[in-house]
Amino acid sequence: MQQIIDFFTGLFDTDKWPPRWHCGTWSDFHGWLFIISDLMIWLAYFLIPLIILQYFTGKKGHVKFSSVYLLFATFILLCGSTHFIDAMMFWIPMYRFNALVRFATGIVSLLTVYHLIKILPQAFKQKTNIELENEISRRKEVERQLSEANANLESFASIASHDLQEPLRKIRMYASTLVRDNASDNSERNKDMLAKIEAASARMQTMIKDILTLSTVRLSADFGQVNINDAITLALEDLEVKIKERKAMIDVQLMPEINGNKEYLSLVFMNLISNAIKFSKDAPHISITHEIRNERIIIYVADNGIGIETDKADKIFMAFQRLHSRNEYEGAGLGLAICKRIIELHKGKISVESKPGKGTTFIIELPIK
């Protein structure tokens, strides 16, 4: 124990040993070669940790195995220190301090080895640059094929929808003509069947129109500064007849501008307001309000309708999901799926809060910028 106390008490003592120039026989060439070599190694070992720290700063903490990097930097710095001290000992024989620095270097070296062994399984899983480049190439090819498939699908949906609309129009026209021309001759059974044909054709037309809308909501839409109130006004104009028929009361708060597509946003509000009117047994009362939170606008579309059961709330945004039969409420079950797709296209989210008999509130969250 006394030796340890003596060691640290005289840690920087230099009077018990001669400078290294006086230990043995050194020629000037041999001595300076030793000194310069140690100083060169020290300089390199000193710069390496600085480069590692600069790398860390550039990556702002997003570095895998950061503890190993820091241990390695410390290990290199200590190794360099031993070489610097070795060079200085030609004049200043700090043997005790040199021993302490070497001991610290040994500890950090073993810690570095331990952490290297610990992360080795994870390190082996890391992909090489060539593997990453190959994976990026494969993903780009898959994305290209997917984009091409989506384009073909959109084209097919558009063509199919237009082609299907024409025969349906003719079916409805002929059914209406038969009803009109044979109003006095047709039996109740025939009238009922013709009415069902016309109703089914109308539903099919609505479904085809919604499928076409869903398939044509695309990423390439033009975006710009949009006044949300203008989008709501456009939706209210399209629903003017339905609003008057049901004597709906709609309150709209003044809203800010956002970056978006006016036609798409109008389609969202048209679907939400139309649903609020459709699923209200009393005179519909709809309020559209908002709040600003962390550079995002939260829009609330609330109604006094029949409400939705909590366990069914997530299903309503899926295509063709209906919570009620067609005999109760019309529709193809695509309106909210269209809303969800448009809101996601605007980098936003849409959700719902509701209780049966207590009305429904749709919550739209959109970035302002």
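This passage describes one helix, the nonpolar core around it, and the aromatic pairs and salt bridges of a predicted model.

Helix α9 comprises the 17 residues 262-278, which at 1.5 Å a residue should span 24 Å, and the separation of its end C-alpha atoms, 24 Å, agrees with that expectation. Of these 17 residues, 13 are buried, so that α9 is largely enclosed by the rest of the structure. At the start of the helix, a side-chain oxygen of Asn 261 comes to within 3.1 Å of the backbone nitrogen of Glu 263.

In soluble globular proteins, nonpolar side chains tend to be buried together. In the present model the largest nonpolar core contains 39 residues, and those with the most contacts inside it are Phe 269, Ile 288, Ile 299, Phe 362 and Ile 364. At least two residues of this core come from each of the helices α7 (228-238), α9 and α10 (335-345), and likewise from each of the strands β4 (285-293), β5 (296-302), β6 (349-354) and β7 (360-367). The greatest contribution is that of α9, which supplies 9 residues. The surroundings of Ile 288 illustrate how such a core residue is placed: when its neighbours within four places in sequence are left aside, Ile 288 is in contact with Ile 232, Asp 251, Val 252, Gln 253, Met 255, Phe 269, Ile 273, Ile 299, Tyr 300 and Val 301.

Aromatic rings were considered next, a pair of rings being described by the distance of the centres and the angle of the planes. The whole structure holds 11 aromatic pairs. One of them joins Phe 12 and Phe 97 in a tilted arrangement, with 5.1 Å from centre to centre and 35° between the planes. Because Phe 12 lies in the loop between α1 (2-9) and α2 (28-59), while Phe 97 belongs to helix α4 (residues 95-125), this pair ties together parts that are 85 residues apart in sequence. Phe 12 is exposed, with a relative accessible area of 54%, whereas Phe 97, at 23%, is partly exposed. The pair of Trp 32 and Trp 91 is also tilted, since the ring centres are 5.7 Å apart and the planes stand at 55°. Here Trp 32 is in helix α2 and Trp 91 in the loop between α3 (66-88) and α4, so parts 59 residues apart in sequence are tied together. Both residues count as partly exposed, with relative accessibility of 41% for Trp 32 and 42% for Trp 91. Ring pairs further link Trp 32 and Trp 91 into a cluster with Trp 21, Trp 26, Phe 34 and Phe 90.

The count of salt bridges comes to 9. Among them is the one between Arg 20 and Asp 86, whose closest N and O atoms are 3.9 Å apart, and which links distant parts of the chain, namely the loop between α1 and α2 and helix α3, across 66 residues. Arg 20 is buried, at 14% relative accessibility, and so is Asp 86, at 10%. These two residues and Arg 102 are linked in a network of salt bridges.

A salt bridge of 2.6 Å, N to O, joins the side chains of Glu 291 and Arg 293; Glu 291 is partly exposed at 31%, as is Arg 293 at 42%. The side chains of Glu 344 and Lys 340 likewise meet in a salt bridge of 2.6 Å, N to O. Because Glu 344 and Lys 340 are 4 residues apart in helix α10, about one helical turn separates them.

Terms used
Residues are numbered from 1 along each chain as its sequence is written. This is a predicted model: local features need pLDDT of at least 70, side-chain atom pairs count only at pLDDT 80 or more; totals for chains, interfaces and linings use all residues. Side-chain values use heavy atoms; hydrogens and water are left out. The expected span of a helix is 1.5 Å times one less than its number of residues. Buried means under 20% relative accessible area, exposed over 50%, partly exposed in between (1.4 Å probe, protein chains only). A polar contact is a pair of N or O atoms within 3.5 Å; within protein, one must be able to donate a hydrogen and the other to accept it, and residues adjacent in sequence count only if both atoms are side-chain atoms. A nonpolar core is a set of buried Ala, Val, Leu, Ile, Met, Phe, Trp, Tyr and Cys residues joined through side-chain atoms within 4.5 Å. Contact means heavy atoms within 4.5 Å. Rings of Phe, Tyr and Trp (its six-membered ring) pair if their centres lie within 6.5 Å; planes under 30 degrees apart count as stacked, over 60 as edge-to-face and the rest as tilted. A salt bridge is a side-chain nitrogen of Lys or Arg within 4 Å of a carboxyl oxygen of Asp or Glu.
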